[in-house]
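Colleague: I should be grateful for a close look at a single part of this structure. Please treat that part in one connected account.

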Amino acid sequence: MTTTVYARVESPLDELLLVGEVPAAHGPDTAEGVRLRSLSVPGQKGGVAVQDGWRHAPEAFTDVARQLEAYFAGRSTRFDVPLAEGLGTEFQRRVWAVLESIPYGSTVSYGQVAAQVGASGAGVRAVGTAIGRNPLLVVRPCHRVIGADGALRGYAGGLERKKLLLGIEGGAGRSEP
């Protein structure tokens, strides 16, 4: 059994809602063992809201908050955060694994992601849907996926936030082969 914990952290994107799971063996009063399940922004399409029974535990997210602050300040290019397991479908997890492999400051097209998961052609739409259901904005960099024509498309947190994230990374419009 796990305890669901949450915290809110200020960021250039607005207030972030961090949600994690703590295994019962670790107890809900410790950051040890917390696994990030969701990172969302206000108004996010498909974003989560705090539920009854969740415990407000900012201390559980001290390390995540520190890493986010370093990222937004341009001092860090990657995250080392334990993630909750078993989220999403098998197809979504394959797509999300591709997102995690996109280098900082680079962008790829939805078609390139589809090709990497073997879903080219009509599968590009399914890839877009899977990317849109990414529960870990910023940490799992779905903002690095753009249209084949270089246009910013389809960010659950809003295109202004996508533009801001790409600006932080200096990667707006730069594509990986």
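With which residue does E21 form a salt bridge, and how far apart are the closest N and O atoms? Please also describe the sheet around that residue.

Modeller: The model is a predicted one. In this model E21 forms a salt bridge with R37, and the closest N and O atoms of the two are 3.5 Å apart. E21 belongs to strand β2 and R37 to strand β3, so the pair ties together parts that lie 16 residues apart in sequence. A residue counts as buried when its relative accessible area is under 20%. E21, with a relative accessible area of 18%, is therefore buried. The strand that carries E21 is mostly covered, since 7 of the 8 residues of β2 are buried.

The surroundings of the pair begin with the sheet. Four strands form an open sheet in the order β3-β2-β1-β4, and their pairing is mixed. Strands β3 (35-40) and β4 (55-56) stand at the edges with a single partner strand each, so one side of each has no neighbour in the sheet. In general, the strands of a sheet pair through backbone hydrogen bonds, in either a parallel or an antiparallel sense.

Each pairing can be taken in turn. Strands β2 and β3, which hold the two partners of the salt bridge, run antiparallel and are joined by 5 bridges. Among the residues involved, G20 has L36 of β3 as its bridge partner. On the other pairing of β2, this strand and β1 are antiparallel over 8 bridges. There, T2 has P23 of β2 as its bridge partner. The hairpin of β1 and β2 has 6 residues between the strands, and within this hairpin D14 adopts a positive phi near 110 degrees. The parallel part of the sheet is the pairing of β1 (residues 2-9) with β4, which rests on 2 bridges. In that pairing V5 has R55 of β4 as its bridge partner.

A helix also belongs to this picture. Helix α1 (residues 62-72) lies across β1, β2 (16-23) and β3, and it runs at about 145 degrees to β2. The helix thus lies across both strands that contribute to the E21 and R37 pair. Helix α1 has a salt bridge of its own, in which the side chains of D63 and R66 meet at 2.2 Å, N to O. Both residues lie in α1, 3 residues apart, which is about one turn of the helix. In general, an α-helix has 3.6 residues a turn, so residues three or four places apart point the same way. D63 is partly exposed, at 35% relative accessibility, and R66 is likewise partly exposed, with a relative accessible area of 49%. E21, by contrast, is buried.

The link from α1 continues to helix α5. The buried residues of α5 pack against α1, α3 (110-116) and β6. These buried residues are R161, K162, L165, L166 and E169. Seen down the axis of α5, they fall within an arc of 135 degrees, so they line one face of the helix. E160 and K163, on the other side of α5, are exposed.

To return to the question, a search of the whole structure finds 9 salt bridges. The one examined here joins E21 to R37, and it ties strand β2 to strand β3.

Definitions and conventions:
Residues numbered from 1 in each chain as written. Predicted model: local features only at pLDDT ≥ 70, side-chain atom pairs only at ≥ 80, totals over all residues. Heavy atoms only, no water. Pairing = 2+ DSSP bridges. Contact = heavy atoms within 4.5 Å. Axes fitted to C-alpha atoms, helices over the stretch in contact; angles between N-to-C directions. Salt bridge = Lys/Arg side-chain N within 4 Å of Asp/Glu carboxyl O. Buried < 20%, exposed > 50% of the residue type's maximum accessible area, 1.4 Å probe, protein only. Arc of directions from axis to C-beta.
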